[in-house]
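Please work through the exercises below with the sequence and the model at hand. Each task is followed by a solution in steps.

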Amino acid sequence: MKTKIFILLSAIFLLVGCAVNSNAAEKIVMKIGDPVMQVDGQDINIDNDGTTPVIINGRTMLPVRAIAEALGLNIAWNEGDKTVTVTTAAQNDNKENAEPQKTTGKKILVAYYSAQNHTKGAAEVIAEELKADTFVITPKEPYTEADLDWTDDNSRVNAEHDNPDTRHTELVSSSPENFAYYDVVFVGYPIWWGSASWVLDDFIKNNDFTGKTVIPFCTSQASGLGESGKELEKMAGSGNWLEGKRFSESFDEKEVRQWVSSLKLD
Ligand SMILES: Cc1cc2nc3c(=O)[nH]c(=O)nc-3n(C[C@H](O)[C@H](O)[C@H](O)COP(=O)(O)O)c2cc1C
């Protein structure tokens with residue numbers, strides 16, 4: 001009886017075409033319960049977490065990231081809508097005015113909170129530029145426009161700002177899938193009263209940044225980065241934190257791309 005092959009992640013799997021690049025493996029062998037796979041005859045760990053293929057309810061579940069990367073495909077996980085997107089180099093080539101494919105050996109995550117979509121815009125440019133995965137830091141109870149109205153003494157942000165004890169914002173999820181896998185983590189946020197929005201706090205406190213390069217970035221109306229990056233570094237207590245960058249809420253995409261390129265993460 002033929003065994004059906006499903007992916008491990010319960011997510012949408014989009015495989016666009018079957019073209020693969022010249023670095024693609026020709027043969028991948030995985031064994032149930034074995035964290036090592038054979039790629040063109042070479043033993044390679046499936047990942048750093050000891051993931052193994054498994055059989056659940058008679059179905060063989062294989063780790064899709066390891067397979068996609070061995071085949072030279074691009075794979076991106078989006079925590080926000082729980083999707084896995086697998087694309088081919090060919091798809092990238094087909095894009096009008098497509099930038100040449102960036103090749104970086106580093107695994108990069110862009111994690112961000114954005115209440116009014118300005119930081120989201122910058123985060124998406126960074127992720128696109130570096131072919132990075134994204135993780136959207138999402139409050140369980142999102143902030144409405146009325147909640148964010150700092151000119152209203154009775155608004156949610158003012159109440160939380162005035163009473164630090166009430167500032168804790170519960171998140172839908174504070175830990176991205178496979179966080180251990182990433183070498184570089186960008187952390188994006190809006191500036192609130194000269195500091196990073198406190199919505200980030202659980203993400204910063206609940207993850208281990210040891211061994212990772214962490215790069216803060218923010219958007220604001222007028223304030224600079226200030227001490228916001230340093231304050232997050234202190235809160236995290238681990239990771240190699242870089243200086244970071246502030247963008248205006250009406251930032252120019254080119255400025256973001258230039259900054260990313262100046263980081264020389266390739
Ligand atoms: C509660 C609150 C406090 C803010 N405090 C500041 C501030 O101290 N300095 C500043 O330049 N902008 C401040 N802003 C403006 C935001 O930093 C700016 O609009 C930012 O780009 C919003 O990012 P977002 O759209 O990703 O949420 C504040 C906005 C809000 C809602």
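The exercises treat the ligand shell, the nonpolar cores, a small set of paired strands and two backbone angles.

The model is predicted: local features require pLDDT of at least 70, side-chain atom pairs count only at pLDDT 80 or more, and totals for chains, interfaces and linings use all residues. Residues are numbered from 1 along each chain as its sequence is written.

**Exercise 1.** Describe the shell around the ligand.

Solution. A residue is near a molecule if its C-beta atom, placed from the backbone, lies within 6 Å of it. Of the 21 residues around the ligand, those that come nearest are Ser-114, Gln-116, Thr-119, Pro-190 and Glu-249. Next, take the elements, which are DSSP runs numbered from the N terminus (helices: H or I, at least four residues; strands: E, at least two). At least two shell residues come from each of helix H3 (118-130), strand S12 (184-192) and strand S14 (213-220). Finally, the shell divides into nine nonpolar, 10 polar and two charged residues; here Ala, Val, Leu, Ile, Met, Phe, Trp, Tyr, Cys and Pro count as nonpolar, Asp, Glu, Lys and Arg as charged, and the others, Gly among them, as polar.

**Exercise 2.** Locate the largest nonpolar core and its main contributor.

Solution. Such a core is a set of buried Ala, Val, Leu, Ile, Met, Phe, Trp, Tyr and Cys residues joined through C-beta atoms within 7 Å. Buried means 20 or more other C-beta atoms within 10 Å of the residue's own, exposed 12 or fewer, and partly exposed in between, with C-beta atoms placed from the backbone. The largest core has 40 residues, and Val-110, Ala-111, Ile-126, Val-185 and Leu-200 have the most contacts inside it. Among the elements giving two or more residues to this core are H3, S12 and S14. S12 gives the most, with seven residues.

**Exercise 3.** Assign the strand order of the three-stranded open sheet.

Solution. Two strands pair if DSSP finds at least two bridges between them. The order is S3-S4-S5, with antiparallel pairing. Strand S3 (28-29) and strand S5 (42-45) are the edge strands, each pairing on one side only. S3 joins strand S4 (residues 36-39) over two bridges, and Val-29 stands opposite Gln-38 in S4.

**Exercise 4.** Compare the settings of Asn-178 and Lys-264, two non-glycine residues with positive phi.

Solution. Phi of Asn-178 is near 55°, and this residue lies in the loop between helix H4 (156-162) and S12. Asn-178 is partly exposed because 17 other C-beta atoms lie within 10 Å. Phi of Lys-264 is near 50°, and Lys-264 is placed in the segment after helix H7 (253-262). Lys-264 is exposed because 7 other C-beta atoms lie within 10 Å.
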